[in-house]
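This report describes the open and closed spaces in one protein structure and the ligand placed in it. The sequence and the model come next.

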Amino acid sequence: MSDGANMSLITGAGQGIGKETAKRLARQGISVGLLDINLENAKLVEEEIRNDGGSAIAVACDVGSRKSVENALALVESHFGATPLLLVNNAGVGGPFHRVDEVSDEEWEWIMNTNLRSVFLFTRYLLPKMKQAGYGRIVNIASVQGQFGASRSSTYVASKHGMIGYTKAIAAEWGHEGITCNAICPGYVDTAMGIKSPEITDYFRKVLEKTPVKRIGLPTEIAAMAAFLVGPESGYINGATITMDGGITAHVGIT
Ligand SMILES: NC(=O)c1ccc[n+]([C@@H]2O[C@H](COP(=O)([O-])OP(=O)(O)OC[C@H]3O[C@@H](n4cnc5c(N)ncnc54)[C@H](O)[C@@H]3O)[C@@H](O)[C@H]2O)c1
């Protein structure tokens, strides 16, 4: 198998779920390309991984911009000497939390470019190379808001539904090439975007009431699932939407 099967790309790796996924993969001996719009944070993660004996490179990247994505991928490829065949599309943005009639074109484009166009840009570049290698693993970090609607989050909801649809389409189209593509749908996770976001504290109180396990998720729990899905033992999971929400989506009834 190509060297690239032991190399990964993680977008939004400077903090939160992306950071924990990067650290976990590095501990498993996988080289990690840490792509983030916030290079300072990504460099701190790089340092942490290297101090731990792992292999990592931090690269500045705006995942919604084709030029930025192509530049970042070229840098990672030349640093590692091969194309990474493990991809975690994790970078994402949520708010501002506006009603549809308050959403500006700029907000729509920013959220859709970061959350959804990015997945197209990365897969467009990497799928032919994965095909050549006969192997590839793609994990898209979507959201439970890709499975149901929510007020004041229409663009985010649309982007995450799109991500899940795109995951299934890639799975159907590329599975016979040794490439799998799956989505993880976290519920509410303890990161800057999740519970730590002060703007939506009341909302989270309501979320906890509706969460059967009565807690929010940890970024390390999402990272563990992402690590399994990019691993060699996950080959029969393809096009799946794996919900990790403490039972929120199971609990839609009145009681
Ligand atoms: N935290 C949650 O509750 C939760 C729930 C469901 C889904 N998710 C999804 O998980 C993913 C990670 O979220 P998180 O909670 O770790 O968020 P976070 O805000 O802690 O981290 C997101 C990372 O993405 C980076 N980023 C943002 N825009 C970027 C861009 N244009 N180019 C490159 N990097 C960019 C940020 O700099 C940051 O490092 C997101 O896709 C999010 O939608 C999170």
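What volume does the largest pocket have? The volume of the largest pocket is about 1,200 Å³. A pocket here is an open set of points on a 1 Å grid over the protein atoms alone, with protein on both sides within 12 Å along at least five of seven lines, and a lining residue has an atom within 4 Å of a point. The model is predicted: local features need pLDDT of at least 70, side-chain atom pairs count only at pLDDT 80 or more, and totals for chains, interfaces and linings use all residues. Residues are numbered from 1 along each chain as its sequence is written, and side-chain values use heavy atoms, with hydrogens and water left out.

The largest pocket is lined by 47 residues, and Gly-92, Val-93, Gly-94, Tyr-156 and Met-193 are the closest to its centre. H1, strand S2 (31–36), helix H4 (105–133), H5 and helix H6 (201–209) each give two or more residues to this lining. The largest share, three residues, comes from H1.

The ligand sits in the largest pocket, meaning that more than half of its atoms lie within 2 Å of the pocket's grid points. Two elements, helix H1 (16–27) and helix H5 (154–174), give two or more residues to the shell around the ligand. There are 29 residues around the ligand, and Asp-36, Asn-90, Tyr-156, Val-189 and Thr-191 come nearest; a residue counts if one of its heavy atoms lies within 4 Å.

Polar contacts (pairs of N or O atoms within 3.5 Å) link the ligand to the protein. Asp-36 has a polar side-chain atom 2.5 Å from a ligand oxygen atom. A polar side-chain atom of Asp-62 is 3.0 Å from a ligand nitrogen atom, and a polar backbone atom of Ile-37 is 3.2 Å from a nitrogen atom of the ligand. Taken alone, the ligand exposes 830 Å², of which the protein buries 93% (Shrake-Rupley method, 1.4 Å probe).

The structure also holds one cavity of 30 Å³ or more. A cavity is a set of grid points where a 1.4 Å probe fits but cannot get out. The largest cavity contains about 60 Å³ of space. Among its 13 lining residues, Pro-96, Ile-111, Arg-152, Ser-153 and Thr-155 are the closest to the centre. H4 and H5 give two or more residues to this lining, and the largest share, three residues, comes from H5.

The table gives the residue classes.

| Residue set | Nonpolar | Polar | Charged |
|---|---|---|---|
| Shell around the ligand | 14 residues | twelve residues | three residues |
| Lining of the largest pocket | 22 residues | 20 residues | five residues |
| Lining of the largest cavity | five residues | six residues | two residues |

Methods. A polar contact is a pair of N or O atoms within 3.5 Å; within protein, one must be able to donate a hydrogen and the other to accept it, and residues adjacent in sequence count only if both atoms are side-chain atoms. Helices (H or I, at least four residues) and strands (E, at least two) are DSSP runs, numbered from the N terminus. Ala, Val, Leu, Ile, Met, Phe, Trp, Tyr, Cys and Pro count as nonpolar, Asp, Glu, Lys and Arg as charged, and the others, Gly among them, as polar. Grid points are joined across faces, edges and corners, and a volume is the space filled by probe spheres set on the points.
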